[in-house]
Amino acid sequence: MSREARGPRIVFWRHGQTSWNLESRFQGTTDIELTGQGVLQAQRAARLLSGLRPDLLISSDLKRARRTAEELAAVTGLDVQHHEGLRETYAGSWQGLTNAEIRERHPEEYAAWAAGEPVRRGGGELSTEVADRSVPVVLEAVAKLPENGTLVVVSHGGTIRTMLGRLLGLEPPLWECFGGLSNCCWSVLGKGARGWRLLEHNAGTLPQPVIGDDT
């Protein structure tokens, strides 16, 4: 992807691996640290992303995102701005449960969510509410970019999906058309004549299983 592309770009970068990812536990807003492998993933990805010469770096304030962002800050010299609005979806009673436990304890709620209905998983947030709090944070940062600048947003799989859908102007039922991001992979939006365009999705590595809250 050329640095010479016209217009601003947004790189949405998912955090590295956590122990709850490996256990298929729904993390949501629970503040889980990266594993050692997750740190290595962040270091590798940071070296690649530094080649884009990003101008601004913002991150969720949860530990797994903060630690991931630190690696890019270390190789670029950028300061990291942390935002609560970039956190993962709050999912109430689902948080801490494995996928199998969620299916067993909340079968009707899970079935409705799987069918694409707007569901407050575990009594938590709707995906549209996640977009309502996260997208303004991103657009505020975009407004501070230099001409043809690049913003890196370190966040979470589910939240990134909602931001992509909202910024691309898709109706919420269509947001699920975006496959999940693997740990420490990213998606890129560029500003075209008619709005934001998806330039890359789940970039950064050979295909790997996606393990996270949005699967």
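At what angle do α2 and α3 pack, and how far apart are their axes? In this predicted model, α2 and α3 pack at an angle of about 40°, and their axes are 8 Å apart. Angles that are neither under 35 degrees, nor over 145, nor from 65 to 115 count as oblique, and α2 is therefore oblique to α3. The crossing in which α2 passes α3 is right-handed.

On the α2 side, the contact is formed by V39, A42, Q43, A46, L49 and S50. On the α3 side, R67, T68, E71, L72, V75 and T76 take part. Sorted by class, this contact of α2 with α3 comprises six nonpolar, four polar and two charged residues.

**Helix α3**

Helix α3 covers residues 63–76, a run of 14 residues. At 1.5 Å a residue the helix should span 20 Å, and because its end C-alpha atoms are 20 Å apart, the expected and modelled spans agree. Its buried residues are R64, A65, T68, A69, E71, L72 and A73. The elements that cover these buried residues include α2 (36–50) and four strands: β1 (9–14), β2 (56–60), β3 (80–83) and β4 (150–155). After α3 comes G77, whose phi is positive, near 80°.

**Helices α6 and α7**

A second helix pair is formed by α6 (residues 127–142) and α7 (residues 157–167), whose axes come within 8 Å and cross at roughly 75°. The crossing angle therefore makes α6 roughly perpendicular to α7. From α6, the contact involves S127, T128, V130, A131, D132, S134, V135, V138 and L139. From α7, the residues in contact are T159, T162, M163, R166 and L167. By class, the contact of α6 with α7 holds seven nonpolar, five polar and two charged residues.

The two helix pairs are set out below.

| Helix pair | Angle between axes | Axis separation |
|---|---|---|
| α2 and α3 | about 40° | 8 Å apart |
| α6 and α7 | roughly 75° | within 8 Å |

**Residue S134**

Is S134, a residue of helix α6, buried or exposed? Its relative accessibility is 0%, and S134 therefore counts as buried, the cut-off for that class being under 20%. Apart from neighbours within four places in sequence, S134 is in contact with G85, L86, T159, T162 and M163. T159, T162 and M163 also belong to the α7 side of the contact between α6 and α7.

Notes: Residues numbered from 1 in each chain as written. Predicted model: local features only at pLDDT ≥ 70, side-chain atom pairs only at ≥ 80, totals over all residues. Heavy atoms only, no water. Helix = DSSP H or I, 4+ residues; strand = E, 2+ residues; numbered from the N terminus. Expected span 1.5 Å × (residues − 1). Buried < 20%, exposed > 50% of the residue type's maximum accessible area, 1.4 Å probe, protein only. Contact = heavy atoms within 4.5 Å. Axes fitted to C-alpha atoms, helices over the stretch in contact; angles between N-to-C directions. Nonpolar A, V, L, I, M, F, W, Y, C, P; charged D, E, K, R; others polar. Left-handed = near helix turned anticlockwise from the far one by under 90°.
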